[in-house]
Amino acid sequence: MGSSLRLLAALSIQALVLFVGIIALTAFAGPHKGAAHAAGAASMPAAPAASLPSPRIQVALLLDVSNSMDGLIDQAKAQLWNTVNLLAKATCQGQQPPISFALYEYGRSNNPVAAGYVRQINGFITDLDSLSMNLFSLSTYGGDEYCGQAMLSSLEQLAWDTGSRSYKVIFIAGNESFRQGPVPYTRACEVARQKGVVINTIYCGSREQGIREFWNLGAECGNGSFTHINQDARPEEPPTPYDSVLLALNTRLNGTYIAYGNQGAALQQRQYMADAKNLQLSTSAALNRVAAKSVGRVYNNANWDLVDAAATNPELLEQAASSYWPDSLKSKTPAQVKQIVQQKQQERTNLQKQITDLSTKRQAWLQQHSPRPKEANLQTAMEKAIKEQAGRYGMQW
């Protein structure tokens with residue numbers, strides 16, 4: 001017991017000595033060290049703030065192409081351009097997010113059984129002519145509608161952006177039971193939550209029937225919205241005083257494109273064909289497409305158009321071999337080619353501005369003179385969901 005007390009006393013004395021030593025060292029070195037530290041902090045540059053990844057908008061369209069869905073496909077063809085024009089106006093903290101679209105079909109019985117009758121038509125692309133033509137290529141053909149499989153396929157196959165500020169959304173439209181197939185929709189919802197993807201369900205039929213067939217549950221677990229539409233409705237817009245002028249401006253706008261490269265001529269023909277098919281579908285679809293073509297950052301054809309390509313890479317005009325150019329430019333000098341491209345660019349800019357101005361006036365005219373749609377359609381369903389949900393990511397119009 002005595003030895004324990006002596007040991008405790010010795011330890012207490014050592015602790016006291018150590019404490020006094022620390023006080024002395026602090027009193028001696030503290031002011032000098034503090035001054036040096038302050039001087040170092042003043043001279044050291046502040047660490048740059050971590051730059052956040054730029055926000056993006058990614059839209060995946062999953063369309064039922066089983067029997068009786070022809071009306072849905074027609075609405076999707078026309079709705080594309082309204083969606084493009086809506087998203088083109090979105091801004092996020094002063095930035096205009098790039099927009100890309102993916103397209104899937106499901107419910108087609110001659111698609112592979114192992115894939116759940118689901119087929120990717122295109123992954124995320126910005127080539128709007130290609131997307132439009134892909135929509136026009138869709139046709140209906142019987143089959144089972146495996147919604148869970150369609151959603152999971154798009155979630156696993158597509159290159160979804162990983163940024164938390166990006167608006168990533170699936171629109172799945174169709175009918176029949178949402179619980180068909182071997183893949184439960186809840187599994188797709190779980191993957192969607194992990195990737196930050198919103199799922200919107202659009203039932204083709206009455207709201208009551210959509211609920212009986214569980215389409216509302218897909219939206220609830222996908223953090224999205226459930227809507228019902230009449231897939232056979234054909235919303236018509238009355239003619240406006242601006243229609244013929246806009247179509248004429250579109251013809252002039254097409255004249256500002258200079259096709260180049262091996263595929264340039266064919267892709268330019270595809271542009272003309274997309275114009276014609278949309279006009280054949282409806283005047284409204286054609287004019288919404290014209291409005292989208294006036295937004296250069298969204299409707300961009302740098303892969304085949306020399307004007308867009310030069311805007312993306314100004315050095316292209318000096319670096320590329322003459323064999324790269326169309327026949328009309330092969331005999332020109334680089335300086336002459338540059339001058340021609342600049343003239344076409346200026347002409348296009350002027351035409352796009354006129355189209356934008358007139359399209360705005362046309363929309364204002366329609367708001368005053370168009371009857372309210374009696375039934376919800378794909379356009380109203382998608383527009384409502386986008387405006388409500390994109391705000392979650394700081395996007396504004």
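**Close-up 1. The largest cavity has a volume of about 60 Å³.** This is a predicted model, and it holds 1 cavity of 30 Å³ or more. Ten names make up the lining here: L61, L63, A76, Q79, L80, F171, A173, I202, L378 and M382. Look for β1 (57–64), α2 (70–88), β5 (167–174) and α14 (378–390), the elements that each give two or more residues to this lining. Helix α2 gives the most, with 3 residues. Sorted by class, the lining of the largest cavity comes out as 9 nonpolar and 1 polar, with no charged residues.

**Close-up 2. The largest pocket takes up about 1,600 Å³.** A total of 49 residues line the largest pocket, and N82, E237, N288, Q363 and Q379 are the ones that lie nearest its centre. The elements giving two or more residues to this lining are α2, α10 (283–293), α13 (334–369) and α14. Here, too, α2 is worth following: this helix gives the most to the pocket lining, with 9 residues. As for chemistry, the lining of the largest pocket splits into 16 nonpolar, 20 polar and 13 charged residues.

**Close-up 3. The second largest pocket holds about 170 Å³ of space.** Around the second largest pocket you'll find R56, P98, I99, F101, T126, L128, R297, V298 and N300. By class, that lining has 5 nonpolar, 2 polar and 2 charged residues.

**Close-up 4. Helix α5 (residues 185–195) has a set of buried residues.** The buried ones are Y185, A188, C189, V191 and A192. They sit on the same side of α5, because they cover an arc of only 165 degrees around the axis. What's on the face turned away from that buried side? There, α5 carries the exposed residues R193 and Q194.

**Close-up 5. The surroundings of α5 include two helices and a strand that cover its buried residues: α4, α7 and β6.** In sequence numbering, these are α4 at 147–157, β6 at 197–204 and α7 at 215–221, and they are among the parts that cover the buried residues of α5. Just after α5 comes G196, which takes a positive phi of about 70 degrees.

Note on methods. Residues numbered from 1 in each chain as written. Predicted model: local features only at pLDDT ≥ 70, side-chain atom pairs only at ≥ 80, totals over all residues. Heavy atoms only, no water. 1 Å grid on protein atoms, 1.4 Å probe; cavity = no way out; pocket = protein on both sides within 12 Å on 5 of 7 lines; lining within 4 Å. Points joined across faces, edges and corners; volume = space filled by probe spheres on them. Helix = DSSP H or I, 4+ residues; strand = E, 2+ residues; numbered from the N terminus. Nonpolar A, V, L, I, M, F, W, Y, C, P; charged D, E, K, R; others polar. Buried < 20%, exposed > 50% of the residue type's maximum accessible area, 1.4 Å probe, protein only. Arc of directions from axis to C-beta. Contact = heavy atoms within 4.5 Å.
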